[in-house]
Amino acid sequence: MGKPTGFLEYQRETAKVLPPKVRIADFNEFRVPLSREKQKIQGARCMACGVPFCQSGMMIGGMASGCPLHNLVPETNDLVYTGNWKQAYLRLSKTHSFPEFTSRVCPALCEAACTCNLDSEPVATKENERAIIETAFENGWVQPQIPKVRTGKKVAVVGSGPSGLAAAQQLNRRGHSVTVFERSDRIGGLLRYGIPNMKLDKSIVDRRVGLMEKEGVTFVTNTNVGVDVTAKDLLKDFDRVILACGASNPRDIKVPGRDANGIYFAVDFLGRVTKELLDTDFEKVPYDLAKGKDVLVIGGGDTGNDCVGTVIRLGAKSVTQLEMMPKPPVERAANNPWPQWPKVLKTDYGQEEAIAVFGHDPRVYQTTVTEFIKDKKGNVSKAKIVKLKSEKDPKTGRMNMVPVEGSEEVIEAQLVLIAAGFLGSEKYVTDAFQVAVNGRTNVDTENGKYETNVPGVFTAGDMHRGQSLVVWAIREGREAAKAVDESLMGYSNL
C-alpha cells in the first residue's frame, strides 16, 4: 500500500484551477496539475483496502460502483507514492487504453467508491492517473506498439469515438489489420466534437491518434458508412465489422414553436463551435453564435454544463439551465449509502463560471418548456416554461413529473440548446447492416456479448449500451475487440 497512515496524515489535494473570470477568456484547459512531489503525497493516502471497491466496476443499486475498466487502483497509487512512475504507467496500461482521456473527463467512479469516502475525502485517483500518463508521455515511455506478426485478418471499425478507438487499438496490437471509418472530418467522435476543448484539449486526442497511426491503424474520415459506403461492401472487404457509432440520436423537445431558428441540439452546437476553432487554429472564435443573447439550456447533465461553459465564453448575455428533476441533496441520502454512486448536488465548471459572471446558479429545477415563441423573422425570442411536481399515476403506480397549474412564465431566449439526452443508435446505420435493436433502439446482443444477430458484425459503446460515460465506452471497445479476436482466431490473449 502507500503509506499505512497516509490517509490520516494527509488531506486530499487536487489540481488548482484558474479563477472562472480568468479561464472564460479562452478555450484552453484550465486545470494546473500538482507537482510530482505533491502528487506522490496523494498516492500515500491510498489504504490498499482488503476489498478495493475503487476497482470493482460492479453494479450496486442500478448504478456502477468503482472503475468499469478494473484499473488496479491501489497498485498504481502505491507506485505513485514511491515515485515509480514508469512502473505505474506499465501497470495502468494493463487495463486502460486511454488514461489521458478519462483523467480529464471521467466523473471518477473509482473515487466515489473509495473507502476513504466513509468519513473523509477520497484518494485523488483521477489526478494520480493523469500524472501517471502525462509523466509517461513526457519521458518518452509511451511508444507505438507495432505487432511483430500480422494475422492477415481485416477488421473495419465504424465510428472513432472512445469505444471505436479502444477496439481498434487492441485488435491492431493483436496483429489484425484495422481500418476505422469516421463520417466527420476529424477522428475522435464524441472526444473531438462532443466535449469542449477546455475540458479535453484536442491536441491530446491528436497525440493518441498519431500513435495509433504509427502502430498501423488506418483512419478514413469524411466517410459515412451506410451512405458513402454500403454495408454489403464493408462485409465483403473485411472479415469482421464493429459498429461503434454512438448513441447519436438526440432526444427532442416537441412543443409548439420547435421549428424556430436558433434552436440546436447541444452536441451539434458544441461540435460546430469546436470545428470553427480547429479550422482557424483558434484564431477565430464564433462569437456570433451566442454573443449578447439570452441562452436557454434544456438539460442538467454533463452536456448541459458544457453548453453553459461554452456560451459564456462566446459572450452570452444570460444563461438559464432547466432540469426536470428535483434538486439533489448536498449529502448522501440514507437510501444511497457508500459505495453506491452518490446522487448528490454537483456544481461543475460551467455552473461555477455562470455564478461568477451572472451572480447566481443558472440551474432551475423541476421545470420544463411548453412553447418556443418566435419573432417576426422566425427566430426564437422567448420560451414559455412551467414548474413540475412529482405525482403518482393511478393506473401504473409510477411517479411522473406533471405541470403545476398556474406556474407558467415566459423568459427571454434567443438561443436554445437541447441537451436532453439520446434515444439510441441512428436508424440508417442499423437498417444498413440489418442488425436487431432493442426497445431503446440500442443494437441488441446476448447479455454480456458483443456479436449482433448478423454473423461477423459486432457492436460496442453507446450504440450498444445506450448513452453512457467515456470509461464505459473504452471498456466496451476493449471487450468487443476480445470477442472479435476470439471469433477470428478461436482464442484470444487480449
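**Exercise 1. How many of the 14 residues of helix 8 are buried?**

Solution. Some ground rules come first. The model is predicted, so local features need pLDDT of at least 70, side-chain atom pairs count only at pLDDT 80 or more, and totals for chains, interfaces and linings use all residues. Residues are numbered from 1 along each chain as its sequence is written, and side-chain values use heavy atoms, with hydrogens and water left out.

Step 1. Fix the terms. Helices (H or I, at least four residues) and strands (E, at least two) are DSSP runs numbered from the N terminus. Buried means under 20% relative accessible area, exposed means over 50%, and partly exposed lies in between (1.4 Å probe, protein chains only).

Step 2. Count. Twelve of the 14 residues are buried, and helix 8 is mostly covered. Among the buried ones are T125, E127, R130, I133 and F137.

Step 3. Check the length. The expected span of a helix is 1.5 Å times one less than its number of residues. For helix 8 (residues 125-138) this should give 20 Å, and the end C-alpha atoms are 20 Å apart, which agrees.

Step 4. Look just past the helix. There G140 has a positive phi of about 75°.

**Exercise 2. Find the buried residues of helix 3 and name elements that cover them.**

Solution.

Step 1. Helix 3 spans residues 36-44, and its buried residues include Q39 and Q42, along with G43 and A44.

Step 2. Contact means heavy atoms within 4.5 Å. The cover over these buried residues includes helix 1 (6-9), helix 4 (73-81), helix 5 (85-93) and helix 8.

Step 3. Place this in the record. UniProt, in an unreviewed entry, lists residues 24-140 as "domain: Dihydroprymidine dehydrogenase". UniProt positions are in the numbering used here, feature names are shortened, and annotations may be inferred rather than shown by experiment. This span is 44% helix and 7% strand, with its end C-alpha atoms 33 Å apart.

**Exercise 3. Describe the sheet that contains strand 5, and the helix packed on it.**

Solution.

Step 1. Two strands pair if DSSP finds at least two bridges between them. Strands of a sheet pair through backbone hydrogen bonds, either parallel or antiparallel.

Step 2. Read the order. This open sheet has five strands in the order 7-6-5-8-18, with parallel pairing. At its edges are strand 7 (218-220) and strand 18 (457-459), each pairing on one side only.

Step 3. Take one pair. Five bridges join strand 5 (residues 154-158) to strand 6 (residues 177-181) in the parallel sense. One bridge partner is S177 in strand 6, set against K154.

Step 4. Add the helix. Axes are lines fitted to C-alpha atoms, for helices over the stretch in contact, and angles run from 0 to 180 degrees between N-to-C directions. Helix 9 (residues 162-174) packs on the sheet and touches strand 5, strand 6, strand 7 and strand 8 (240-243). The direction of helix 9 makes about 165° with that of strand 6.

**Exercise 4. At what angle do the axes of helix 9 and helix 18 cross?**

Solution.

Step 1. Two packed helices are described by the angle between their axes and the distance between the axes.

Step 2. The axes of helix 9 and helix 18 (residues 470-489) cross at roughly 35° and come within 7 Å.

Step 3. List some contacts. The helix 9 residues involved include P162, A166 and L171, and those of helix 18 include V470, I474 and M489.

**Exercise 5. Describe the second five-stranded sheet and the hairpin formed by strands 13 and 14.**

Solution.

Step 1. The order of this open sheet is 9-17-10-11-12, with parallel pairing. Strand 9 (263-265) and strand 12 (363-365) are the edge strands, and each pairs on one side only.

Step 2. Strand 11 and strand 12 are parallel and share three bridges. Here E323 has Y365 in strand 12 as its bridge partner.

Step 3. Helix 14 (residues 302-313) packs on this sheet, touching strand 10 (294-298), strand 11 and strand 17 (415-418).

Step 4. Turn to the hairpin. Strand 13 (residues 367-374) and strand 14 (residues 380-392) run antiparallel and are joined by seven bridges. T367 is opposite K387 in strand 14. Five residues lie between the two strands, and in this hairpin G378 takes a positive phi near 85°.

**Exercise 6. Is P329 buried, partly exposed or exposed?**

Solution.

Step 1. P329 lies in the loop between strand 11 (318-323) and helix 15 (349-358).

Step 2. P329 counts as partly exposed because its relative accessibility is 37%.

Step 3. Leaving out residues up to four places away in sequence, P329 touches K343, V344 and L345.
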